[in-house]
Amino acid sequence: MHTAITRGIRVVVRTQYLPEQSDVHATRFVFAYTIRIANEGDEQIQLRSRHWYILHGSGKQEEVTGPGVVGQQPKIAPGQAFEYTSGCVLTTPHGTMHGTYEMVLGDGSVFDAEIPAFSLAVPHTLN
């Protein structure tokens with residue numbers, strides 16, 4: 001697991017290789033990542049948008065931005081958490097991701113919560 005904390009927002013990432021959706025011969029490597037966003041602060045927050053940086057093992061870089069996550073812009077009360085699973089397709093058997101979530105506080109102020117860098121890698125037994 002990979003963890004980052006920004007202004008009381010704890011972001012924890014777990015990853016998993018999905019061999020049943022991957023095709024080694026077509027250089028298609030599919031990974032799932034599950035992210036838990038916990039509000040350890042004392043104010044409600046809302047996740048407004050995401051900004052991802054994806055680096056393939058070949059050096060190819062992608063940048064992905066968009067509103068919310070998995071079609072939602074969740075509000076997270078103090079002491080509560082939101083968890084979701086999404087995916088990433090790489091053209092190499094390994095790569096990395098990191099980024100930020102734009103968070104909005106009740107007073108309208110905005111800050112970026114860090115998404116920690118994490119690796120996506122095919123297990124060695126499958127290479």
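This is a dialogue about strands, rings and buried residues in a predicted model.

Student: What makes β1 and β7 edge strands?

Tutor: Start with the order. The open sheet has 4 strands, β1-β2-β3-β7, with antiparallel pairing. β1 (2-6) and β7 (81-90) each have a single partner strand, so one side of each lacks a neighbour in the sheet. Neighbouring strands here are turned by 20° against each other on average, direction ignored.

Student: How do you know that β2 and β3 pair?

Tutor: Count the bridges. Pairing needs at least two bridges between the strands. Strand β2 (residues 9-17) and strand β3 (residues 29-39) are joined by 9, so they count as paired. They run antiparallel. T15 stands opposite Y33 in β3.

Student: What holds paired strands together in general?

Tutor: Backbone hydrogen bonds, in parallel or antiparallel fashion.

Student: Why is the pair of W52 and Y101 called edge-to-face?

Tutor: Two values decide it. Ring centres must lie within 6.5 Å, and planes over 60 degrees apart count as edge-to-face. For W52 and Y101 the centres are 6.5 Å apart and the planes stand at 80°, so the name fits. The whole structure has 6 aromatic pairs.

Student: What makes this pair a link between separate parts of the sequence?

Tutor: Look at where the two residues lie. W52 is in strand β4 (residues 45-56) and Y101 is in strand β8 (residues 94-105), so the pair ties together parts that are 49 residues apart in sequence. Ring pairs also build a cluster of Y33, W52, Y101 and F118.

Student: Why are W52 and Y101 called buried?

Tutor: Buried means under 20% relative accessible area. W52 has 3%, so it is buried. Y101 has 0%, so it is buried as well.

Student: How do you know that the charged end of R7 sits over the ring of F111?

Tutor: Check the distance. The charge must be within 6 Å of the ring centre and within 35 degrees of the ring normal. The charged end of R7 is 4.4 Å from the centre of the F111 ring, and it is listed as sitting over that ring.

Student: Is F29 buried or exposed?

Tutor: Buried. Its relative accessible area is 6%, and the cut-off is under 20%, so the word applies. F29 lies in strand β3.

Student: Which residues does F29 touch, beyond those up to four places away in sequence?

Tutor: Among them are Y17, V24, C88, L90, P93 and V122. As for K60, its C-alpha is 14 Å from that of F29, and the two are 31 residues apart in sequence.

Terms used
Residues numbered from 1 in each chain as written. Predicted model: local features only at pLDDT ≥ 70, side-chain atom pairs only at ≥ 80, totals over all residues. Heavy atoms only, no water. Helix = DSSP H or I, 4+ residues; strand = E, 2+ residues; numbered from the N terminus. Axes fitted to C-alpha atoms, helices over the stretch in contact; angles between N-to-C directions. Phe/Tyr/Trp six-rings, centres within 6.5 Å; stacked < 30°, edge-to-face > 60°. Buried < 20%, exposed > 50% of the residue type's maximum accessible area, 1.4 Å probe, protein only. Contact = heavy atoms within 4.5 Å.
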